[in-house]
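Here are some notes for a colleague who has the model open and wishes to check its voids, two helix pairs and a few points of backbone geometry. Each numbered point can be read beside the coordinates.

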Amino acid sequence: MWRRQERFGMNQREIARLAGVSTATVSRVINNDRRVTEQTRKRVQQAIDENGYVQNMNARNLRVSHSHAIGFLISNFANPFFLDVYCGFEPVLKKLGYNIIIGNTNEDIGQEKDAIDLMLQYRVDGIVASFVGPNSQTLGKITRLGTEVLQLDRKLSHFSSDCVVIDNIAGAMQQVEYLAKLGHTRIALIKGTDFDSNGIDRLRGFHMGMEKMGLPVRPEYIVGGEFLEDAAYRATVELLSRPERPTAIIAHNNLMCIGAYRALRDMRINIPAEISLIGFDDFEFSEHLQPSITLIDRPVREMGELAGKMMIERIEKTYTGAARQVVFPVRLKVGGSCSVPADK
């Protein structure tokens with residue numbers, strides 16, 4: 001039909017000339033305008049496909065009131081929790097024609113700032129974020145641009161926005177109570193970070209659970225795992241080097257549970273005959289491990305779906321009220337990794 005252009009950087013005017021239509025028609029095809037006939041759409045799309053045209057989103061987003069793009073900012077790509085959340089989040093946005101820009105912070109404030117800056121350069125309509133620790137300048141920039149924010153899984157104490165979280169305190173208390181009812185008194189904890197709401201609330205729940213069950217909290221049994229697998233592996237080795245070993249280990253997220261499980265296996269510690277292990281957050285193969293893992297589960301995909309719906313409501317102004325906080329309940333999912341302590 002036409003000879004492929006041997007250069008880069010074609011614009012809409014050139015595509016229009018090749019397809020024999022106006023630039024307005026090209027724009028309508030790109031933006032899936034239903035007013036374009038199927039025959040015209042195919043002709044324009046062929047010109048686009050054969051000539052490698054890519055829309056300049058920066059230029060487009062400066063011209064329109066909405067970019068129809070949402071930022072999805074996560075704290076750790078390695079955490080399967082975020083993949084499950086995304087599986088609930090993406091269909092809601094895609095169904096309404098929104099694109100998603102994914103950013104990963106690796107729990108690093110500098111990487112978080114860079115990811116947010118990139119999203120703002122693309123004029124995203126909103127950001128769904130599991131924040132690490134954005135400073136006041138970054139948050140101020142988001143606010144000045146009118147970008148909607150929904151906090152997912154974590155909640156900043158100094159920033160007000162819609163948020164979707166879980167009942168971390170109740171989950172951490174359930175871990176302790178379950179072990180205590182099995183007869184465990186020497187309960188160790190691999191805790192998360194001290195700077196985010198998950199780490200803070202789960203640690204608080206642990207202490208509340210120990211107090212409720214009348215058990216002493218032994219400082220030497222609390223070690224940091226930073227919500228990371230390798231750090232939890234090292235923490236488990238450290239715990240088992242104590243003169244008096246714990247009989248049970250609590251991990252405060254899925255990656256740390258995996259790290260603890262690996263360490264116990266490598267040290268040839270029998271689970272649960274010698275050490276009981278209980279985690280927080282399900283993961284894909286938890287039921288297929290030997291033994292399967294007892295853990296605190298939550299409705300992850302439902303969290304992602306609701307986050308998407310709440311963000312759309314903000315962007316499209318179907319909700320303009322005060323900041324909303326939705327707290328999902330959690331439940332204990334019993335596997336085979338916990339039992340009565342060996343000395344009972």
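1. A pocket, as the word is used here, is an open set of grid points with protein on both sides within 12 Å along at least five of seven lines, whereas a cavity is a set of points where a 1.4 Å probe fits but cannot get out. The model under review is a predicted one, and the largest pocket in it has a volume of about 310 Å³. Of the 22 residues lining this pocket, those closest to its centre are Lys-155, Leu-156, Asp-196, Ser-197 and Asp-201.

2. Which elements build the wall of the largest pocket, giving two or more residues to its lining? They are strand 5 (162-166), helix 8 (168-182), helix 9 and strand 11 (325-328), and the largest share, four residues, comes from helix 9. By class, the lining of the largest pocket is made up of nine nonpolar, seven polar and six charged residues.

3. Turning to enclosed space, the structure holds one cavity of 30 Å³ or more, and the volume of the largest cavity is about 130 Å³. It is lined by 15 residues, of which Asn-79, Asp-153, Arg-154, Phe-227 and Asn-253 are the closest to the centre. Helix 5 (80-95) and helix 9 (197-212) each contribute at least two residues to the lining of this cavity, and the lining as a whole comprises four nonpolar, five polar and six charged residues. Helix 9 is thus worth inspecting from both sides, since helix 9 is named in the lining of the largest cavity and also in that of the largest pocket.

4. How do helix 10 and helix 11 cross? The axes of helix 10 (residues 229-239) and helix 11 (residues 254-266) come within 7 Å and cross at roughly 45°, which makes helix 10 oblique to helix 11. The crossing is right-handed. On the side of helix 10, the contact involves Glu-229, Asp-230, Ala-232, Tyr-233, Thr-236 and Val-237, and these meet Leu-255, Met-256, Ile-258, Gly-259, Ala-260, Arg-262, Ala-263, Leu-264 and Asp-266 of helix 11. Nine of the residues in this contact are nonpolar, two are polar and four are charged.

5. A second helix pair is formed by helix 2 (residues 23-30) and helix 3 (residues 38-51), which pack at an angle of about 90° with their axes 10 Å apart. Angles of 65 to 115 degrees count as roughly perpendicular, and helix 2 and helix 3 are therefore roughly perpendicular to each other. Thr-25, Val-26, Val-29 and Ile-30 of helix 2 meet Thr-40, Arg-41, Val-44, Gln-45 and Ile-48 of helix 3, and the residues of this contact divide into five nonpolar, three polar and one charged.

6. Two cis peptide bonds deserve a look in the backbone. One joins Ile-271 and Pro-272, with omega about 5°, and Pro-272 lies in the loop between helix 11 and strand 9 (276-280). The other runs from Gln-290 to Pro-291, where omega is near 0°, and Pro-291 is found in the loop between strand 9 and strand 10 (294-297).

7. Finally, what is the phi value of Arg-123? Phi of Arg-123 is near 55°, a positive value in a residue other than glycine, and Arg-123 sits in the loop between helix 6 (109-121) and strand 3 (126-129).

Methods: Residues numbered from 1 in each chain as written. Predicted model: local features only at pLDDT ≥ 70, side-chain atom pairs only at ≥ 80, totals over all residues. Heavy atoms only, no water. 1 Å grid on protein atoms, 1.4 Å probe; cavity = no way out; pocket = protein on both sides within 12 Å on 5 of 7 lines; lining within 4 Å. Points joined across faces, edges and corners; volume = space filled by probe spheres on them. Nonpolar A, V, L, I, M, F, W, Y, C, P; charged D, E, K, R; others polar. Axes fitted to C-alpha atoms, helices over the stretch in contact; angles between N-to-C directions. Parallel < 35°, antiparallel > 145°, perpendicular 65-115°, else oblique. Left-handed = near helix turned anticlockwise from the far one by under 90°. Contact = heavy atoms within 4.5 Å.
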